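Biologist: I am new to this structure and would like a close look at its aromatic rings and the parts around them. Please take me through it slowly, one piece at a time.

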Amino acid sequence: MDGSDSESEDTTWHEELAAALLENCDFGRLRNICNGRQIPKKFKAQAWKICLNVANKADSLSSFNGIFDLQEQAQLRKDCKEFIDKFDNSDEEKLSLASDLESVITFYCRSKNAKYETNNGWLDILGPLVALRMERSDLYNCFYALIIKYVPRDMEKDSLAYQLFRMLLMYHEPDMCNFLDTRKIFPDSYCGTWFTSIFATCCSLEVVEPFWTLYLLQADPFLVFFLGVVILVNAKDHVQSLEESPSKEIANSLSSFPGQLEVDDISDFFSLAQYYASKTPQSFRRDYQAIFSTSVGGGAIEPEQHLQTALCLQVNPAELFQAILQGTGENVSYFVVDCRPADQYNKSHLSTAFHLDANLMLQQPQEFASAVKALFAGQRQAIDAESQAAGEHLCFLGSGREEEDQYLHMVVANFLQKKTQYVSIVSGGYTALLKLLEKESEQILNSCIVMQPDNTSSEDSGTFSLSSQLGDSPQRLTVKGAALMGRFTTTLKEKGGFMREKLVEYIKNEGAEEERHVSSEDLGRRYRPNSVQPVFTIADEDEEGDSVAGNLSSDEERRELVNTDVWLKKPDVLKYYECQEVKASGHTYPGYLLLTAGHLYVLREARDRKKFSYIMARRPLREVVRITSKKRCAELITFRYGRVNKSNETIVYAIDRLYLPDAPDATKLIKQQIVTCIEGPEAIRKLDTREEEALEREKRAQEEKQNGEKSEKDQSLGEKRGDGEGESSIAEGQDTAVEQGTTKGHGTNVEHDTTVTAPVEHGKEAMEENGDKSAVPTARVDLSGDGLEIGDEPAS
């Protein structure tokens with residue numbers, strides 16, 4: 001039963017359809033009226049003619065001279081008679097229909113210099129047209145339009161159509177493709193009749209009519225390939241159950257599988273095909289349009305050669321560039337994998353690209369495997385964070401020069417062998433991409449490309465050049481404004497171990513380094529030299545001269561765009577604070593400071609996109625070496641991060657300066673989390689105990705000082721006994737003991753205990769001073785200026 005005749009369906013639109021057909025409406029209006037619904041059978045003939053653009057077309061068959069002299073004429077006449085015998089018509093009608101079919105095919109062969117072959121699908125295409133009782137002239141016009149628009153012109157073995165279908169199957173179902181390749185079951189052995197007859201050969205007539213109706217309303221010849229992919233997806237379990245069967249038997253089973261389709265399946269069948277089409281890079285439609293045309297079309301690269309030598313689907317640079325600008329969407333979003341050598345990547349790369357040095361695959365296989373793991377981890381994290389770099393589709397990018405991309409093809413083949421889904425390559429590589437970007441505005445370019453300055457350019461001019469990236473091309477790309485250009489701070493090293501450490505740290509945001517902080521099981525081993533300042537201090541930033549290794553700042557890091565609300569509500573975020581990012585130039589940027597169990601994140605609100613922010617910094621808590629505040633502005637907090645080198649020296653590699661309105665609460669919580677990260681939750685309890693003890697010592701010191709002041713009065717009387725001198729000496733000793741435990745406020749005499757806990761070891765002397773060798777080491781901090789202790793409320 002035709003799905004359109006169901007009583008449950010709304011048929012009020014049929015009147016509008018009938019009126020439109022009487023007015024000889026165009027295809028656009030017809031498709032809008034139908035809106036993906038089945039057309040009643042009485043309207044199908046006229047609707048199909050409109051879809052094929054042959055309505056009211058002249059009778060092309062009228063020029064046929066009626067001479068039947070093809071070499072294969074006898075076979076054609078026999079096949080036409082046998083084909084018509086399948087229809088339930090009278091003998092007289094069958095004779096007339098057989099003559100019409102023979103005339104149509106004979107005229108087509110003579111006019112197109114084509115040759116008829118049995119089972120080439122032509123008669124099967126004519127079958128649904130005959131069933132709609134079309135006139136002889138319409139029969140030929142529709143047949144001709146179907147052959148030209150929807151049937152691949154070359155269906156020989158290893159033809160362009162089969163190559164493309166295999167790539168689409170590999171893109172969406174690599175497991176199924178790998179199984180068929182292993183059994184040497186290639187597309188020409190099972191899907192030829194699908195494409196030559198538009199599934200009319202293997203499906204019943206009652207299925208073909210609603211099938212073709214939806215197919216023609218889509219007006220997409222490439223949809224036939226995705227319909228084939230859907231067939232294989234549904235046949236996957238069946239095919240794998242025939243694993244022990246001969247390959248020919250599996251191929252025959254696949255070829256007849258569409259015959260199981262029923263009318264009620266058609267709607268879902270097409271919905272799935274359209275879904276797969278929407279999840280596929282669209283570049284192949286332009287590159288391989290020669291499949292459905294009589295000429296190649298003048299492409300820059302010969303399509304057959306291009307496709308036959310390609311490992312997988314290729315993405316045009318223009319499509320990739322458009323996807324980058326649009327960000328993550330409902331259809332195809334790319335996770336770009338830059339496989340160029342490290343020096344080329346560092347010189348210039350896409351801001352959203354992940355670097356995977358293809359040379360590592362042969363030179364350092366273990367490091368390559370680690371980098372691949374980091375790649376997948378980074379891809380998952382980017383998707384979860386809704387980052388601008390997020391994408392389910394892996395798009396591999398090479399240099400575009402064949403001699404340099406030999407390892408790229410090996411890497412892609414490796415991913416395909418592992419049955420990785422959604423794998424593609426950028427056509428023309430990075431060179432083609434740069435040539436495309438030359439035409440774009442400076443603002444768009446700055447948001448897509450990260451470059452190092454050209455050594456030949458003047459720093460004052462702020463001009464960067466990518467002419468060296470284009471090889472011998474005379475074209476040149478310049479970008480003004482050095483402040484707008486970032487540089488990838490986690491420089492990729494060629495040494496395998498160091499590269500893996502950087503990749504994992506940058507992508508997974510996990511501490512890849514060996515734990516270096518002191519623990520209760522590792523007392524006595526010096527972590528830092530004694531000259532290093534404590535982690536938590538208050539000082540005048542203008543007087544400090546910390547240098548940053550490599551001169552790297554957060555502005556030079558790769559900026560990743562994320563959804564602000566999603567990040568603030570992530571379950572692993574312990575707390576977040578509104579802040580202002582303060583640069584050395586004095587500029588401030590609104591954003592957020594996020595604290596997780598092991599990291600600090602600095603987000604900067606994106607000015608051009610509301611509700612989005614850039615991730616300006618990802619800092620492991622274990623690498624915080626110092627937190628300081630301004631004397632005259634306790635809310636201005638500076639975080640310093642560093643690592644210990646082989647010489648046991650702490651090298652500061654980054655600095656973040658933030659204005660935190662809620663600085664006391666933020667720094668206190670961060671301090672506690674650092675201690676927890678290093679020593680565990682039990683260390684917090686010990687820290688609180690020591691702070692209580694410090695307050696008690698401060699109270700006792702104040703009482704002793706008051707007693708000392710009374711003793712001074714007795715000394716002024718000049719008593720002869722030695723009691724006065726003894727008391728004075730004691731008082732002086734008391735003052736000396738608390739000197740480093742007091743802070744004299746500006747214009748006040750408020751005193752604070754300045755003993756703070758540093759979550760690192762400062763030498764055996766610091767532990768012995770506390771008298772508890774099993775406890776977390778602490779350091780005495782001299783707060784000699786105007787300020788307050790990090791984590792405490794301001795003194796009144």
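**Rings, helices and their neighbours**

Modeller: Let us begin with a charge and a ring: the charged end of Arg609 sits over the ring of Phe612, at 4.3 Å from the ring centre. Please keep in mind throughout that this is a predicted model. A second arrangement of this kind involves Lys570, whose charged end is placed over the ring of Trp567, 4.0 Å from its centre.

Before we go further into the rings, here is the setting. The protein has 796 residues, and buried ones make up 51% of them. It contains 30 helices and 19 strands. If you take the contacts between residues at least 6 apart in sequence, 69% of them join residues at least 24 apart.

Now for rings that meet other rings. A pair of aromatic rings is described by the distance of the centres and the angle of the planes. Rings count as a pair here if their centres lie within 6.5 Å. By this rule there are 34 aromatic pairs. One of them joins Phe165 and Phe195, with 5.5 Å from centre to centre and 70° between the planes, an edge-to-face arrangement. Phe165 belongs to helix H8 (residues 160-172) and Phe195 to helix H10 (residues 192-196), so this pair ties together parts that are 30 residues apart in sequence. Phe165 and Phe195 are both buried.

Next, look at Tyr275 and Tyr276. Their ring centres are 5.9 Å apart and their planes stand at 75°, so this pair is edge-to-face. What about their exposure? Tyr275 has a relative accessibility of 44% and counts as partly exposed, while Tyr276, at 13%, counts as buried. The cut-off for buried is under 20% relative accessible area, which is why Tyr276 falls in that group.

Some rings gather into a group. One aromatic cluster is formed by Phe64, Phe68, Phe107, Tyr108, Tyr116, Trp122, Tyr140, Phe143 and Tyr144. Please remember Trp122 and Phe143 from that list, as they return when we come to the helices.

Two packed helices are described by the angle between their axes and the distance between the axes. The axes of H6 and helix H7 (residues 136-150) come within 10 Å and cross at roughly 130°. That makes H6 oblique to H7. Their crossing is right-handed. Which residues meet there? From H6 come Trp122, Ile125, Leu126, Leu129 and Val130, and from H7 come Leu139, Cys142, Phe143, Leu146 and Ile147. Here are the two rings I asked you to remember: Trp122 is on the H6 side and Phe143 on the H7 side.

Cys142 of H7 also leads us to Lys49, since the two are in contact. Lys49 lies in helix H3. Is Lys49 buried or exposed? At 14% relative accessibility, Lys49 counts as buried. Apart from neighbours within four places in sequence, Lys49 touches Val54, Ala55, Met134, Asp138 and Cys142.

The loops in this part of the chain are worth a visit too. Asn56 is in the loop between helix H3 (41-51) and helix H4 (73-84). Although Asn56 is not a glycine, its phi is positive, about 60°. Asn56 is exposed, with a relative accessible area of 67%. Asn119 sits in the loop between helix H5 (91-112) and helix H6 (122-131). Asn119 is not a glycine either, and its phi is positive at about 65°. With a relative accessible area of 70%, Asn119 is exposed.

Another loop, the one between H4 and H5, holds Asp88. Asp88 is exposed, and its relative accessible area is 80%. Along the chain, Asp88 and Ala131 are 43 residues apart, and their C-alpha atoms are separated by 9.8 Å.

For a last stop, move further along the chain to another pair of helices. The axes of helix H21 (residues 365-384) and helix H22 (residues 406-417) come within 13 Å and cross at roughly 65°. The crossing of H21 and H22 is right-handed. Here Phe368, Val372, Leu375 and Phe376 in H21 meet Val411, Asn414 and Phe415 in H22.

Conventions
Residues are numbered from 1 along each chain as its sequence is written. This is a predicted model: local features need pLDDT of at least 70, side-chain atom pairs count only at pLDDT 80 or more; totals for chains, interfaces and linings use all residues. Side-chain values use heavy atoms; hydrogens and water are left out. Rings of Phe, Tyr and Trp (its six-membered ring) pair if their centres lie within 6.5 Å; planes under 30 degrees apart count as stacked, over 60 as edge-to-face and the rest as tilted. Helices (H or I, at least four residues) and strands (E, at least two) are DSSP runs, numbered from the N terminus. Buried means under 20% relative accessible area, exposed over 50%, partly exposed in between (1.4 Å probe, protein chains only). A charge sits over a ring if NZ of Lys or CZ of Arg is within 6 Å of the ring centre and within 35 degrees of the ring normal. Axes are lines fitted to C-alpha atoms, for helices over the stretch in contact, and angles run from 0 to 180 degrees between N-to-C directions. Angles under 35 degrees count as roughly parallel, over 145 as roughly antiparallel, 65 to 115 as roughly perpendicular and the rest as oblique. A crossing is left-handed if the near helix is turned anticlockwise from the far one by less than a right angle, and right-handed if clockwise. Contact means heavy atoms within 4.5 Å.
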